Amino acid sequence: MQPRPYVIDQMISAKSIAARIEALATQIRDHFHGTDKLVVVGLLRGSFVFIADLVRELDLPVEVDFLEASSYGDATHSSREVRILKDLRGEIAGRDVLVVEDIVDTGHTLTHVLHLLQSRNPARMEVCVLLDKPTRREVEVSATWTGFTIPDEFVVGYGIDFAQRNRNLPYIGKVRFTDTP
Ligand code: 5GP
Ligand code: MG
Ligand code: MG
């Protein structure tokens with residue numbers, strides 16, 4: 001099947017993202033000040049660019065781990081079913097944990113992941129999300145720190161994909177289909 005033709009309109013520039021990350025990193029550093037080791041947990045695959053930039057701005061001793069949960073197939077609709085495809089390599093019991101996610105949309109993915117991680121008894125657990133689409137929420141969940149609150153648009157770039165493409169864009173843009181006026 002031919003993919004529908006689309007263009008990407010820039011929504012958040014690389015420069016704005018970098019400035020926001022600097023501010024987020026300062027707040028996170030102040031919150032976890034004095035920690036002996038923070039485990040930064042990136043949710044694959046969408047958060048890989050964000051976590052890379054965020055940890056480089058974090059002036060704290062960190063360990064990086066990843067967890068992969070799936071809720072979306074290659075479509076633009078959430079299945080509401082969350083499965084863990086790849087679990088953490090390390091233990092988080094008694095540790096300080098920062099969960100890093102790309103987008104909170106309906107809230108199902110983050111809710112599921114936080115329940116799972118909480119059951120492992122971390123000392124402290126906070127959440128940093130790059131993008132929040134609050135108008136789409138189906139289950140109540142909120143991040144400790146949010147990069148940008150955005151309207152209900154399907155976005156790509158800066159790690160975030162459309163059918164596995166466009167993750168390498170340095171900015172965040174919205175998908176606009178060009179086969180319909
Ligand atoms: P939720 O479970 O909150 O509905 O969905 C969270 C996940 O859905 C995000 O981590 C992200 O992977 C995906 N998602 C939500 N909104 C978008 C979007 O606008 N674009 C893309 N590419 N993925 C999205
Ligand atoms: Mg995600
Ligand atoms: Mg995706």
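Where is the place of Arg45? Good morning, colleagues. The place of Arg45 is in the loop between β2 and α2. I begin there because a cis peptide bond joins Leu44 and Arg45, with omega at about -5°. Please keep in mind throughout that this is a predicted model.

There is a second backbone feature to note. Tyr158 has a positive phi of about 55°, although this residue is not a glycine. Tyr158 is placed in the loop between β8 and β9.

Let me turn to the sheets. In general, the strands of a sheet pair through backbone hydrogen bonds, either parallel or antiparallel. One open sheet here is formed by six strands in the order β4-β3-β2-β5-β6-β7, and its pairing is mixed. At the edges stand β4, residues 83–86, and β7, residues 145–149; each has a single partner strand, so one side of each is left without a neighbour in the sheet. On average, and with direction ignored, neighbouring strands of this sheet are turned by 25° against each other. At the β4 edge, strand β3, residues 62–70, pairs with β4 in the antiparallel sense over three bridges. Within that pairing, Ala69 has Ile84 in β4 as its bridge partner.

Two helices lie across strands of this six-stranded sheet. Helix α1 lies across β5, β6 and β7, and runs at about 160° to β7. Helix α3 lies across β2, β3, β4, β5 and β6, and runs at about 165° to β5.

The other open sheet has three strands in the order β1-β9-β8, with antiparallel pairing. Its edges are β1, residues 6–12, and β8, residues 155–156; each has a single partner strand, so one side of each lacks a neighbour in the sheet. The pairing of β1 with strand β9, residues 172–177, is antiparallel and extends over six bridges. In this pairing, Gln10 stands opposite Gly173 in β9.

I come next to the packing of helices. Two packed helices are described in general by the angle between their axes and the distance between the axes. Helix α1, residues 14–31, and helix α2, residues 48–57, pack at an angle of about 55°, with their axes 9 Å apart. That angle makes α1 oblique to α2. The crossing in which α1 passes α2 is right-handed. Which residues make the contact? On α1 they are Ile21, Glu22, Leu24 and Ala25, and on α2 they are Asp53, Leu54 and Glu57. By class, this contact of α1 with α2 has four nonpolar, no polar and three charged residues.

Finally, I consider the surroundings of ligand 1. There are 20 residues around ligand 1, of which Ile103, Asp105, Thr106, His108 and Thr109 come nearest. The elements that give two or more residues to this shell are β5, residues 96–104, α3, residues 108–118, and β8. Which element gives the most? That element is β5, with four residues. By class, the shell around ligand 1 has nine nonpolar, seven polar and four charged residues.

To close, I return to three points. The six-stranded sheet has mixed pairing, whereas the three-stranded sheet has antiparallel pairing. Both β5, of the six-stranded order, and β8, of the three-stranded order, are among the elements giving two or more residues to the shell around ligand 1. The cis peptide bond between Leu44 and Arg45 and the positive phi of Tyr158 are the backbone features I would ask you to find in the structure. Thank you.

Terms used. Residues are numbered from 1 along each chain as its sequence is written. Chains are lettered from A and ligands numbered from 1 in the order in which they are written. This is a predicted model: local features need pLDDT of at least 70, side-chain atom pairs count only at pLDDT 80 or more; totals for chains, interfaces and linings use all residues. Axes are lines fitted to C-alpha atoms, for helices over the stretch in contact, and angles run from 0 to 180 degrees between N-to-C directions. Angles under 35 degrees count as roughly parallel, over 145 as roughly antiparallel, 65 to 115 as roughly perpendicular and the rest as oblique. A crossing is left-handed if the near helix is turned anticlockwise from the far one by less than a right angle, and right-handed if clockwise. Two residues are in contact if their C-beta atoms, placed from the backbone, lie within 7 Å. Ala, Val, Leu, Ile, Met, Phe, Trp, Tyr, Cys and Pro count as nonpolar, Asp, Glu, Lys and Arg as charged, and the others, Gly among them, as polar. Two strands pair if DSSP finds at least two bridges between them. A residue is near a molecule or strand if its C-beta atom, placed from the backbone, lies within 6 Å of it.
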